[in-house]
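Q: I should like to take a close look at the enclosed spaces of this protein and at the parts that lie around them. Please explain each term as it arises.
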Amino acid sequence: MSSNGNASGEVFYPPEHIIRQANQPDYDAIHQAMLDDLAGTWGAIARDEFEWFKPWDKTLDDSEAPFYKWFVGGKVNIVHNALDRHTQTWRRNKVALLWEGEKYEQRSYTYHQLEREVCRFASVLRAMGVNKGDRVTIYMGRIPEIVIAMLACAKIGAVHSVVYGGFSVEALHGRIEDSQSKVAITADGAWLRGNIVPLKEIMDEALQRAPTVQTVIVVKRTGQDIHMEPGRDLWYHDLMNLPIAETCIPTEAVDAEDPLFLLYTSGTTGKPKAILHTHGGYMVGVATTLKWVFDLKEEDTWWCAADPGWITGHSYIVYGPLLLGATSVMYEGAPNHPFPDRWWDVVERHGVTVLYTAPTAIRGLMRFGDAWPNRHDLSSLRLLGSVGEPINPEAWKWYYRVIGKEQCPIMDTWWQTETGGFMITPLPSTPLKPGSATRPFPGVVVDVLDEDGSPVGPNEEGYLVIKTPWPAMLRTVYGDPDRYVEQYWSRFPGMYMTGDSARRDEDGYIWVIGRVDDVIKVSGYRLGTAEIESALVSHPSVAEAAVIGVPDEVRGSVIQAYCILVAGMEPTQRLVEILRDHVAHEVGPIAKPASIEFVDALPKTRSGKIMRRVLKARALGQDEGDLSTLEQ
């Protein structure tokens, strides 16, 4: 991904009324307070903003760094703070979740109603033998039951592992196998662009080689005929009508460091990594970042237009808004279905005040021109947000001008599955430069380093690192602590290696450029080259494969593949289509290569490592650089 430098030097200042009304801390003062006493400042926030069953003994334990622990000895449950405590206040009858289906159906849940549904499903899970610490795989579309399922797991201390509903059989199977889940929750299907995504069919195929799963709970969404395995598969609605669902079990008091969820993210080599987050630190970090960055007020209607299957959905659809007692919109379908103004229609009808989405969606809607959004009254919007990848300045300006009418500052947030919450981001009063995530969130210390670990000069590119621990940070890679240390903490000892390159300008603003490792971001979703290459090589026609990401105007990057065929195979256009479909089946439609080129050889080092940077330079017509290590 090319640098998104703000060549014009433009700075956009927030309107006076935004600054005046913003309920945010003074950035310089709170940042300095955290630098002076990181643990003390976070401890005060955790104590004042949340309810704990038992106070902690130590706010930050760094004695076994990089295995940091937060709020050690404290007893808490994120669901108590996201639901239970609100039902004891006037928020009991406030709308928590406002859902709209692709076919315009609507369902809303007050905090009281959502708490009841979660309580009932938690009782069902407990009756199914799910106990504290057990893993539960959730594979669903964007429907309220995915939120209910996640919260019900957390309520009883079980660990949810949500798999994005666009992933394929192999990807789902690998994640079920790695987590050793005993229960899986899915739906008969999901609606997307008027078509049914066959979730249950994919789950059935994945479970053929997953003996740990004893029970599959199925939500009826699309209503088509599906196979229900006797003795294993049970309908969600049937279970929720049983007497067991009427017994509301109490929220489990768990340790602050007890696991809350696993979420798989692509790695540079081998299988995807299961990032582990915990109840206490994640709760404090996610709620605080959302409160300060998007300044949510009681009267706001918040819409994070992501999918719960990704970290953005976990943090800012499910947990963050509920922790703050906000009203949140969830929309099931595609941004342009049935027409390119679907999102703007949702904003107008539901009075959305804060919209948070990805640059790929903005670019995709921008292609349809200004007329579609201009048909709608978007005056309810107060703040806009961007997430998933660096936003190019052209898309930023369109979003600001056409959607925000030059009155809505854009909170361009940089963060990762691993960080749990925002790490580099403006606050509502921050002057903005299109394409820059601006400054680190208070208490976060970042740097940009060269190969030797020395800070680079202003506007020089280098490795983006984080120098201080933060509450919502990942605790480990599930089942593989060595990989956690090696992947994140070994390149520059004592510092968290983000895997992104960046530069810092003369004002201290950070410009994130893109990945420095072999991870490709397509439409904001991280895909490991290893996963896609393995899928290609698993086809009997392919002997070897390499993939790279090349810039794309709409999706940020698309996948370009290079394949060496086995002897005797003919390189045909038909084979290109077969291989593209094969990757979609093995990994998921999001991983489908945009193009496949058949080659006789791949550039490799003498040790046999494929030099993807050489392939990328060739694809983009750039200088191939130092080829001295290339195999001759």
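How many cavities of 30 Å³ or more does the structure hold?

A: The structure holds 3 cavities of 30 Å³ or more. This is a predicted model, in which local features need pLDDT of at least 70 and side-chain atom pairs count only at pLDDT 80 or more, while totals for chains, interfaces and linings use all residues. Residues are numbered from 1 along each chain as its sequence is written, and side-chain values use heavy atoms, with hydrogens and water left out.

A cavity is found on a 1 Å grid over the protein atoms alone, as a set of points where a 1.4 Å probe fits but cannot get out; lining residues have an atom within 4 Å of a point. Grid points are joined across faces, edges and corners, and a volume is the space filled by probe spheres set on the points.

The largest cavity contains about 70 Å³ of space. Among its lining residues are Trp42, Gly285, Thr289, Phe422, Met423 and Trp470. Its lining comprises 8 nonpolar and 4 polar residues, with no charged ones. In this classification Ala, Val, Leu, Ile, Met, Phe, Trp, Tyr, Cys and Pro are nonpolar, Asp, Glu, Lys and Arg are charged, and the others, Gly among them, are polar.

The second largest cavity has a volume of about 50 Å³. Its lining is made up of Val162, Val163, Tyr164, Phe167, Arg175, Leu263, Tyr264, Gly309 and Trp310. By class, 7 of these are nonpolar, 1 is polar and 1 is charged.

One of these lining residues, Arg175, leads to helix α7. Helices (H or I, at least four residues) and strands (E, at least two) are DSSP runs, numbered from the N terminus. Helix α7 spans residues 169-179, and 8 of its 11 residues are buried, so it is largely enclosed by the rest of the structure. Buried means under 20% relative accessible area, exposed means over 50%, and partly exposed lies in between (1.4 Å probe, protein chains only). Arg175 is itself one of the buried residues of α7, which also include Val169, Leu172, His173 and Ile176. Among the elements covering the buried residues of α7 are β6 (135-139), β14 (259-265), β15 (273-278) and α18 (573-586). Just after the helix comes Gln180, with a positive phi near 55°.

Strands β6, β14 and β15 belong to an open sheet of 8 strands in the order β12-β11-β8-β6-β7-β14-β15-β23, with mixed pairing. At its edges stand β12 (233-235) and β23 (476-477), each with a single partner strand, so one side of each is left without a neighbour in the sheet. Two strands pair if DSSP finds at least two bridges between them. Strands of a sheet pair through backbone hydrogen bonds, either parallel or antiparallel. Strand β6 pairs with β7 (residues 159-162) in the parallel sense over 4 bridges, and Thr137 stands opposite Ser161 in β7. Helix α11 (residues 311-323) lies across β7 and β14, at about 145° to β14. Axes are lines fitted to C-alpha atoms, for helices over the stretch in contact (heavy atoms within 4.5 Å), and angles run from 0 to 180 degrees between N-to-C directions.

Helix α18, which helps to cover α7, leads to another sheet. There, α18 lies across β28, β29 and β30, running at about 125° to β30. These 3 strands form an open sheet in the order β28-β29-β30, with mixed pairing. Since β28 (542-552) and β30 (595-598) are at the edges, each has a single partner strand, so one side of each has no neighbour in the sheet. The twist averages 25° from one strand to the next. Strand β29 (residues 556-565) runs parallel to β30 and is joined to it by 4 bridges; Tyr562 has Glu597 of β30 as its bridge partner.

A further strand, β4, shows pairing in both senses. It runs antiparallel to β5 (residues 106-110), with 5 bridges between them, and it pairs in the parallel sense with β17 (residues 327-331) over 4 bridges. Trp99 stands opposite Arg107 in β5, and Leu97 stands opposite Ser328 in β17. Strand β4 is mostly covered, with 5 of its 6 residues buried. Val95, which lies in β4, counts as partly exposed because its relative accessibility is 29%.

Definitions and conventions: 1 Å grid on protein atoms, 1.4 Å probe; cavity = no way out; pocket = protein on both sides within 12 Å on 5 of 7 lines; lining within 4 Å.
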